[in-house]
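I opened a fresh page for this one. My plan is to look things up one by one and jot down what I find.

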Amino acid sequence: MLNNYIPILILMLFAIAFAIVCVFLSKFIGPKNPNPVKLSTYESGMEPVGTARQRFSVKYYMAAMLFILFDIEIVFLYPWAVAYRKFIPNTVYYALIEMSVFIAILLVGYIYMIRKGALNWD
Amino acid sequence: MINKADFINNIPLLIIAATSLLILIIEAIFPHGKKKIGEKIIFYLSIVSLIVAINYSFPQLTVNSLFFSSFLRLSTFSVVVNITMLLGILITVLSSKEYLEKEGINYGEYYSLLFIATLGMMLMVMAYDLIIVFVGLEIMSISFYVLAGFMRKRLESNESALKYFLLGAFFTGFLLMGIALIYGYTGSTSYSFFTNFKNQTEPTYFLGIVLILIAFIFKTGSFPLQMWIPDVYQGAPTVVTGMMSSVGKTAAFGALLVFFTTFGLEKFSMLIAILAILTMLYGNVVALLQTNIKRLLAYSSIAHAGYILIGFILVTPSSTHAVVFYLVSYVLMQLGAFIVIGIVEAQADTMEDRSLSNTLESYKGLGKTNPGLASILSIFLFSLAGIPPFAGFWGKYYIFLSVIQNNFIWVAIVGILLSLIGVYYYIKVILFMWFYEPVTGTIQKSKSEFAFTAAVISTIGLFLFGIYPDLLLRYIRAIF
């Protein structure tokens with residue numbers, strides 16, 4: 001029974017070996033002539049300014065989080081809207097109520113967010 | 001397709017879900033002012049909705065069928081465990097008000113998160129599909145991560161939340177990988193499907209079960225994966241620790257029991273027996289050396305996970321009854337002990353004093369400065385040690401009885417010997433409270449009426465089920 005898994009084992013061994021070989025090959029064969037520009041931090045071709053370890057305002061994360069939240073809402077709404085025709089006429093209320101509940105839950109989050117001032121930038 | 005019966009039979013679940021949203025709205029509408037109208041409304045609303053949910057759960061004890069396109073299963077087992085958890089959350093809500101006010105974190109979000117966690121825990125126990133187990137576990141865990149870090153200004157609380165989050169997220173991956181492997185082999189995630197696969201030894205399927213088992217061992221805090229328990233339990237707010245260590249574990253064990261009965265894991269019985277013994281050994285022995293009472297109870301909760309795990313060696317009706325009885329008594333006594341610790345902690349005025357008040361030293365002479373509190377804590381500790389006439393004794397009794405009936409007598413002998421070690425550190429705390437002089441001056445009388453009420457409710461429960469266990473067994477015996 002375990003015989004079926006031998007190909008997977010071989011593949012795993014190959015994958016590990018390949019990774020190790022690649023890492024060491026580039027280390028031994030690759031040419032090395034470093035200069036200050038090469039060693040500096042890569043910032044899309046710009047000259048590095050200051051340290052990368054800055055503190056970001058928490059508002060930034062707040063906006064990002066809310067964006068993801070409502071982005072996902074759209075992602076769910078879109079296929080629902082496309083498939084909505086298929087629910088007519090038998091189960092149209094079912095589909096409508098299902099989505100209403102989903103939106104109502106997100107609406108609570110929206111009210112909460114507005115009242116707590118998550119969107120006030122200053 | 002969802003029909004009316006799904007909603008009517010799952011009213012407790014819906015109440016809990018609706019309350020969590022309602023609390024968020026109330027929190028948003030009422031500003032934090034001097035009058036604290038919002039806080040009061042939220043507190044009483046939580047209590048009322050929990051009582052209503054418990055009330056609606058009792059008629060379901062006789063229901064035994066599948067709901068929501070066979071994603072959820074209501075059985076006597078799941079309803080009994082749900083009622084236990086709801087009761088535990090009710091006690092937690094009662095006990096947390098004064099503690100949170102003292103810490104200055106009495107926000108509505110706490111209650112909302114508590115309710116969301118409850119929703120997840122109920123889903124976990126009622127789940128009849130591996131995906132629902134996963135969803136419930138995640139809802140519960142994510143709420144727990146936030147609750148553990150609820151005291152934002154305390155460093156140890158942040159540490160606890162971060163540790164819990166990183167490890168929890170890691171082991172959720174194990175659960176998901178296990179589900180994926182089982183799905184890959186059987187082509188389904190529904191529990192009703194797996195009865196055909198009971199004696200499979202196909203490696204994919206086997207590995208899937210083992211991975212899910214690993215995730216559950218982590219969540220229940222059993223031996224090889226117990227390392228997160230002391231740090232997380234010590235750092236989290238005391239009321240949250242009490243809730244996590246009792247109600248959270250109940251949910252994990254409840255889901256694990258459903259998993260065991262579905263998959264028929266008799267071939268794991270020797271492994272579980274060894275794990276149970278190692279868990280008891282580790283928890284009891286390391287607890288001997290602790291100087292912080294929260295840490296001590298964290299290690300004792302590891303030991304208790306070991307006792308409960310004994311019931312999983314062979315899942316028979318008698319061991320299921322024993323596990324459920326143990327869980328009920330464990331929720332009452334563990335939660336009660338943490339409530340008392342929370343009351344003691346809330347008596348100190350500064351943040352440093354509150355951290356210090358968790359050391360065993362500061363419990364010296366509590367019997368003289370606050371006899372009421374000390375006697376209640378003594379009752380909880382006696383019950384945790386398994387001394388009659390408290391419910392903890394019957395919990396241990398039925399657990400060891402069931403394992404003897406299943407012909408694992410050596411496990412019972414080792415377990416009883418190890419629980420004797422446990423008696424030492426419980427008695428040590430009681431000794432500190434009653435036979436030592438107070439270290440610091442007189443502690444003022446506590447103003448935590450709600451928390452005290454909650455502790456008294458737990459005590460009454462322990463006495464009631466200890467003296468008259470049939471009160472509880474009547475419901476539990478109906479499980480199979």
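**Helix length.** Before checking a helix, I need the rule: its expected span is 1.5 Å times one less than its number of residues. This is a predicted model, and I tried the rule on helix H10 of chain B, residues 238–263. With 26 residues, H10(B) should span 38 Å, and I find its end C-alpha atoms 36 Å apart, so the two agree.

**Still on H10(B).** I followed the helix along and found a kink of about 30°, centred on Met244(B). Is H10(B) enclosed or open? I counted 24 of its 26 residues as buried, so H10(B) is largely enclosed by the rest of the structure. After the helix comes Gly264(B), with a positive phi near 60°.

**Ser96(B).** I picked this residue next and found it in helix H4 of chain B, residues 76–103. Buried or exposed? A residue needs 20 or more other C-beta atoms within 10 Å to count as buried. Ser96(B) has 29, so it is buried. Which residues does Ser96(B) touch, leaving aside neighbours within four places in sequence? I get Tyr110(B) and Val239(B). That second contact takes me back to H10(B), whose range is 238–263. I also checked Ser96(B) against Gly136(B): they are 40 residues apart along the chain, and their C-alpha atoms are separated by 24 Å.

**Backbone oddities.** A reminder to myself: most residues other than glycine have a negative phi, and most peptide bonds are trans. I went looking for exceptions.

- Ser70(B) has a positive phi, near 50°, and is not a glycine. I located Ser70(B) in the loop between strand S1 (65–67) and strand S2 (72–74) of chain B. It has 14 C-beta neighbours inside 10 Å, so I put it down as partly exposed.
- Asn407(B) is another non-glycine with a positive phi, about 65°. Its place is the loop between H17 and helix H18 (409–435) of chain B. Asn407(B) counts as exposed, because it has 10 C-beta neighbours inside 10 Å and the cut-off for exposed is 12 or fewer.
- Pro388(B) and Pro389(B) are joined by a cis peptide bond, with omega about 10°. I found Pro389(B) in the loop between helix H16 (371–385) and helix H17 (391–405) of chain B.

**Where the chains meet.** How many residues does each chain bring to the contact? I noted seven from chain B and nine from chain A. On the chain B side, helix H2 (residues 11–29) gives the largest share, five residues. By class, that side has six nonpolar residues, one charged and no polar.

**Chain A.** I looked up how chain A is divided and got domain 1 (2–39) and domain 2 (58–115). The C-alpha centres of these two domains lie 45 Å apart.

**Confidence.** How sure is the predictor? Chain B averages a pLDDT of 88, and 98% of the residues score at least 70. I also asked which elements of chain B sit at the two ends of the scale. Helix H14 (residues 351–356) has the lowest mean pLDDT, 74, and helix H6 (residues 130–148) the highest, 93. For the complex, I wrote down an ipTM of 0.76 and a pTM of 0.89.

How values were computed. Residues are numbered from 1 along each chain as its sequence is written. Chains are lettered from A and ligands numbered from 1 in the order in which they are written. This is a predicted model: local features need pLDDT of at least 70, side-chain atom pairs count only at pLDDT 80 or more; totals for chains, interfaces and linings use all residues. Helices (H or I, at least four residues) and strands (E, at least two) are DSSP runs, numbered from the N terminus. The bend at a residue is the angle between axes fitted to the seven residues ending there and the seven starting there. Two residues are in contact if their C-beta atoms, placed from the backbone, lie within 7 Å. Ala, Val, Leu, Ile, Met, Phe, Trp, Tyr, Cys and Pro count as nonpolar, Asp, Glu, Lys and Arg as charged, and the others, Gly among them, as polar. Domain bounds come from an automatic or database domain assignment. pLDDT is the predictor's confidence in each residue, from 0 to 100.
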